[in-house]
Amino acid sequence: MAISPGSDAAFSSHKSTLSESPRTKKFPLTEEEVFYMNCRAAYLTVFKSSLENIISKDQLYLALQNAGRNPSQKTINKYWTPQTTKLDFDDFCVILRKEKPTSKAELLKSFKQLDVNDDGSILHTDLYKLLTKRGEKMTQEEVNAVINLADVNADGKFDYIKFCKLYMTTNEQCLKTTLEKLEVDSKLKRQQFGSHIEGFPERDPSLVPKPSPRIIRKTDQETVSNKGDTRSSLLAATRKFKTSVSITITMGANSHRNSKLTEPNSIKEWQCVQSKGCFFLEEDGEIISHQYRMQIPQRSMVYLTIKPLNLSQVEGKPSPWLSIDTALYILKENEDQANLQLICFTELQNREVFGWTGELGPGIYWLVPSTTGCRLKKERKPATEEAQLVYRDETGELFLTKEFRSALSDIFEVIDLDGNGLLSLEEYNFFELRTSGEKCDKDAWAVCRENFDTKKNELTKRGFMDLNLMEANDREGDPRDLWVTLLSMGYNKSLELTEACPFIIDIYADKCKPRIKAVHMEPCSGQLEKAICKSALNKGDTKVMDGYENIIVHTHKHDTWITSVIENKSDNKVIIHINNELSKNCINNRGLNIFAVEVAPKSTMVCQHVMPLNERQEWIYYCVYSLIS
């Protein structure tokens, strides 16, 4: 049905805005600006604002560590004299200019002096003498922490080459962690830090902070750096690691066969409801998905399953995302909706289906889908050739290509959450929020019903196709707005669905008809993070950091993946270094074998999920957790 230009604009203008809006121009940061950004990032890992002052040696030491420096006590005493009562952010910047990070070459040189056999290792007895008998001494507990580092010690020897690699990687990861945290905080709050403003839009790079009278002054020739003091560098580096714990788990090929999911015998007599949804991968790697409310009218035995949705129309050629793991966490809603109670999650598996069977009382439940993120990841090699979306015939009339229509047909199947072959306003608005960030209001929906094929006030697949054709005609065949839709829905330029995983949920109950409704599309965090941590604390194996009973690593072994959760019961935040290099046939959700995480005081956090790279082969999870600070 033909529609007026005015009605076209009423329905499609809000989507085109996304592709037309000018992007903020970003210019490369100068070396000076990078330096100040690193200073701020390190400072804000210790303080809430750079307007706060350093008031103790411990705070100075921690801030310098987070900036990639590892000061000895001698270095700390140079800047914190008996007369010092506080240091501000500008003082901190001055210190960082003078205290250069220890290089890998300097560190190797320090250790090599003790390597009598020139084989890259030092006997524990020799290392103990060096660190406890001469000059600035480490305590026996500190030395034991170094000697007990699981990935750099073996057969009474300390592998200093591995240690130097560990040390440098840890510094890089700590800096990366602090910068990422700063970036997240900056999105939430624009804040002035001392004399330096976020983004540095107007600051003169030649302006540098002047040292306060509290800092010992030296002439330019008399630097206070420890660069020449190789033993101090060695001592500071080994002091960086407080303690460590290692965890090894060997998993057999196709181990999920040991706990196969089976349907209840009388399932055909139970009442069933169904809903679809989708995991979407964001630009920053975060995963978002639909979330649901389920109502159980009376106490019943319930059978829930979740699995990837197969959209392939070719027999024998399943959709490539069927290998992506899925899970469903069931949370009970209480009077206080902010504190949902974890009931269970779909642990059992039969091929790509994950499920749970049990009794549920009457009430409202939240269903929170989850995927580990081990297999749903950003494309490493983006498609280079762009598929054609529209074409004109010999009369000049515009049409959608066969390939684009096929992709739109699959999208329709995904966003038709109840599977009735029609799109309600609520279903369409999930699609609109995903692709344009806005909802379609009732007036625009009325225009849609008037001009496109509908049935029972819901949009048909034909109407959905015509709506996209209208959008192409509005732009005179320019496909840019159409690509906004496709990329938002997880498609690449070759019209392959690579950054999303549609799924389907089935709920059976023996005594009543359940109800399910999609209510949100949110990041897989928040309540989900709490649920995963709770599950790991309840069912996982526990290891306490030696000498730090408040730092606990929980490892929850599922049949097809392993989840690691770190619990910090202390009053201070801690930084944990994670090393997976000795794992075999494994992938994790972070995409890194070595990384660092910051755990807030009195909190738990999901550290990583790990899965087999090849399910048909044995896989070995070997992870070393080292407490840095």
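## Touring a predicted model

Visitor: Just after α3, which residue takes a positive phi?
Guide: This is a predicted model, so local features are read only where pLDDT is at least 70. Just past helix α3 there's a residue with a positive phi of about 90°, and that residue is Gly68.

Visitor: And α3 itself, which of its residues are buried?
Guide: Helix α3 covers residues 57-66. Its buried residues are Leu60, Tyr61, Ala63, Leu64, Gln65 and Asn66.

Visitor: Let's zoom out. What share of the residues in the protein is buried?
Guide: The protein has 16 helices and 28 strands, and its accessible surface comes to about 31,400 Å², with 48% of that belonging to carbon and sulfur atoms. Among contacts with a separation of 6 or more, residues 24 or more positions apart account for 74%. As for burial, out of 629 residues the share is 51%.

Visitor: How many residues are in the largest nonpolar core?
Guide: In soluble globular proteins, nonpolar side chains tend to be buried together. Here, the residues with the most contacts inside the largest core are Leu304, Ile411, Phe464 and Leu486. The core's size is 88 residues.

Visitor: Take Phe464, then. Which residues does Phe464 touch, not counting those up to four places away in sequence?
Guide: Leaving out residues up to four places away in sequence, there's still a good list to go through. Phe464 touches Leu408, Ile411, Phe412, Ile415, Leu423, Phe431 and Leu459.

Visitor: How many residues are in the other core, the one with Phe111 and Ile628?
Guide: That core lies apart from the largest one. Leu127 and Ile575 are also among its members, and its size is 24 residues.

Visitor: On to strand β26. How many of its residues are buried?
Guide: In a regular strand the side chains alternate between the two faces of the sheet. For β26, one side carries Ile594, Ala596 and Glu598, the other Phe595, Val597 and Val599, and both faces are covered. So the strand, residues 594-599, is mostly covered, with a buried count of 6 of 6.

Visitor: Which residue stands opposite Ile594?
Guide: Strand β24, residues 574-579, pairs with β26 in the antiparallel sense over 6 bridges. Opposite Ile594 in β26 stands Asn579.

Visitor: There's an open sheet of 3 strands as well. What is its strand order?
Guide: The edge strands, each pairing on one side only, are β1 (121-123) and β2 (153-154). β2 pairs with β3 (residues 157-159) in the antiparallel sense over 2 bridges, and Asn153 stands opposite Phe158 in β3. The order is β1-β3-β2.

Visitor: Now some charges. How far apart in sequence are the parts that Lys539 and Glu347 tie together?
Guide: Lys539 and Glu347 form a salt bridge, with the closest N and O atoms 2.7 Å apart. Lys539 sits in helix α16 (residues 527-539), while Glu347 is in the loop between β11 (341-345) and β12 (348-350). Glu347 counts as partly exposed at 32% relative accessibility. The tied parts are separated in sequence by 192 residues.

Visitor: Asp466 and Arg462 make a salt bridge too. Which helix holds both?
Guide: Their side chains meet at 4.0 Å, N to O. Asp466 is partly exposed at 30%, whereas Arg462 is exposed at 59%. They lie 4 residues apart, about one turn, in helix α14.

Visitor: What about Lys602 and Asp571: buried or exposed?
Guide: These side chains meet in a salt bridge at 3.4 Å, N to O. The pair links distant parts of the chain, with Lys602 in the loop between β26 and β27 and Asp571 in the loop between β23 and β24. Relative accessibility is 59% for Lys602 and 58% for Asp571. With the cut-off at over 50%, both count as exposed.

Visitor: Last one: how many disulfides are there?
Guide: A disulfide is a covalent bond between the sulfur atoms of two cysteines. Cys501 is buried with a relative accessible area of 0%, and the closest cysteine sulfur, in Cys278, is 6.7 Å away from its own, too far for a bond. The cut-off is 2.5 Å, and the disulfide count comes to 0.

Note on methods
Residues are numbered from 1 along each chain as its sequence is written. This is a predicted model: local features need pLDDT of at least 70, side-chain atom pairs count only at pLDDT 80 or more; totals for chains, interfaces and linings use all residues. Side-chain values use heavy atoms; hydrogens and water are left out. Buried means under 20% relative accessible area, exposed over 50%, partly exposed in between (1.4 Å probe, protein chains only). A nonpolar core is a set of buried Ala, Val, Leu, Ile, Met, Phe, Trp, Tyr and Cys residues joined through side-chain atoms within 4.5 Å. Contact means heavy atoms within 4.5 Å. Two strands pair if DSSP finds at least two bridges between them. Accessible areas come from the Shrake-Rupley method with a 1.4 Å probe; for residues, only the protein chains shown count as cover.
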